[in-house]
2 protein chains.
Amino acid sequence: MSGLPVDHVAVAVPSLRDVIPLFERLTGHSSSEIETLADQGVNVAFVGPLELLEPSHPDGPVVRFLQRRGPGLHHIAFRVPDVAAALRSLEDAGFQPIDREPRRGARGHRVAFLHPRHTAGVLLELVEA
Amino acid sequence: MSGLPVDHVAVAVPSLRDVIPLFERLTGHSSSEIETLADQGVNVAFVGPLELLEPSHPDGPVVRFLQRRGPGLHHIAFRVPDVAAALRSLEDAGFQPIDREPRRGARGHRVAFLHPRHTAGVLLELVEA
């Protein structure tokens, strides 16, 4: 059986501009333009398979993550052919969606998150790319 | 310039057997056999691009990670053609290796870790696969 591929791995940081050169040097990938996802309170840049996230305002979930744990790995995203269908099937299998319906994520893709409570503490994103 | 690909993303858990079926169901990948890395104090199973880690004895680094943060994303590994060469070049670029020389990791691969202090809190592994 062929399984889901990783779309990206997200890293929460206090400042994109402070770490983009570091991750470019480390991975050999060039950074995308910075994109703001206003409803999620983050600015986002992709460096190859890494999605770097910084808070875009002072009370989003990434601010709380940084306060609690400091910068570091934030979530992992798997690529699926159809987010709505994947959500339904995972919910039937006992997983708990955070998003009941797909919403618009970075790069204009349809995405949805699963609650880490049922995935060994891992925040998981599904991306229809 | 083509950059480094992700080799795997590691998740620390208290018990492999409790979570392997969950990640198999979630990702559609089948688990590898469980492997013990005695010098690192972990038992390891791969489910597609995920490396699941459980402590193999009560005083390894993964025990401390679980006590401090609970289960969740532990590190990310990039594939490189030559770990020793990558270590030297990253050290020259200001990154701090945890391993000064490559050592034997899961699946018999040569690996080395970089210190999260200089990588935005992200523990990074290089894998010669």
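## The interface between the chains

In this predicted model, chain B and chain A bury about 2900 Å² between them, and carbon and sulfur atoms give 73% of that area. On the side of chain B, the residues that lose the most area to chain A are Leu26(B), Arg69(B) and Leu73(B), which together account for 22% of what that side buries. The size of an interface is often given in this way, as the accessible area lost when the parts come together.

Counted by residues instead of by area, the interface brings 36 residues of chain B into contact with 36 residues of chain A.

## What the contact surface is made of

Between chain B and chain A there are eight residue pairs in polar contact, both residues of each pair being at pLDDT 80 or more, whereas the count of salt bridges between these two chains is zero. Three elements of chain B give two or more residues to the side that touches chain A, namely the strand β1 (6–12), the helix α1 (16–27) and the strand β5 (72–79). When the residues on this side of chain B are sorted by character, 23 are nonpolar, eleven are polar and two are charged.

## How the two copies are related

A turn of 180°, with a shift of 0.0 Å along the axis, lays chain B on chain A with an RMSD of 0.0 Å. That is the relation of a two-fold axis. The same surface serves both copies, as 100% of the contact residues of chain B recur in chain A.

Which residue of chain B comes closest to the rotation axis? It is Leu73(B), whose C-alpha lies at 3.2 Å from the axis, and Leu73(B) is also one of the residues that lose the most area to chain A.

## The fold and dimensions of one chain

Chain A holds three helices and eight strands, and from the N terminus on these elements follow the order β-α-β-β-β-α-β-α-β-β-β.

The C-alpha trace of chain A spans about 40 × 30 × 25 Å along its principal axes. For 129 residues, a compact globule would have a radius of gyration near 14 Å, and the 15 Å of chain A therefore agrees with that expectation.

Notes: Residues are numbered from 1 along each chain as its sequence is written. Chains are lettered from A and ligands numbered from 1 in the order in which they are written. This is a predicted model: local features need pLDDT of at least 70, side-chain atom pairs count only at pLDDT 80 or more; totals for chains, interfaces and linings use all residues. Side-chain values use heavy atoms; hydrogens and water are left out. Contact means heavy atoms within 4.5 Å. Buried area is the accessible area (1.4 Å probe) that two parts lose on being put together, summed over both. A salt bridge is a side-chain nitrogen of Lys or Arg within 4 Å of a carboxyl oxygen of Asp or Glu. A polar contact is a pair of N or O atoms within 3.5 Å; within protein, one must be able to donate a hydrogen and the other to accept it, and residues adjacent in sequence count only if both atoms are side-chain atoms. Helices (H or I, at least four residues) and strands (E, at least two) are DSSP runs, numbered from the N terminus. Ala, Val, Leu, Ile, Met, Phe, Trp, Tyr, Cys and Pro count as nonpolar, Asp, Glu, Lys and Arg as charged, and the others, Gly among them, as polar. Copies are superposed by least squares on the C-alpha atoms of residues with pLDDT of at least 70 in both. The radius of gyration is taken over C-alpha atoms; the globule rule is 2.2 Å times the number of residues to the power 0.38.
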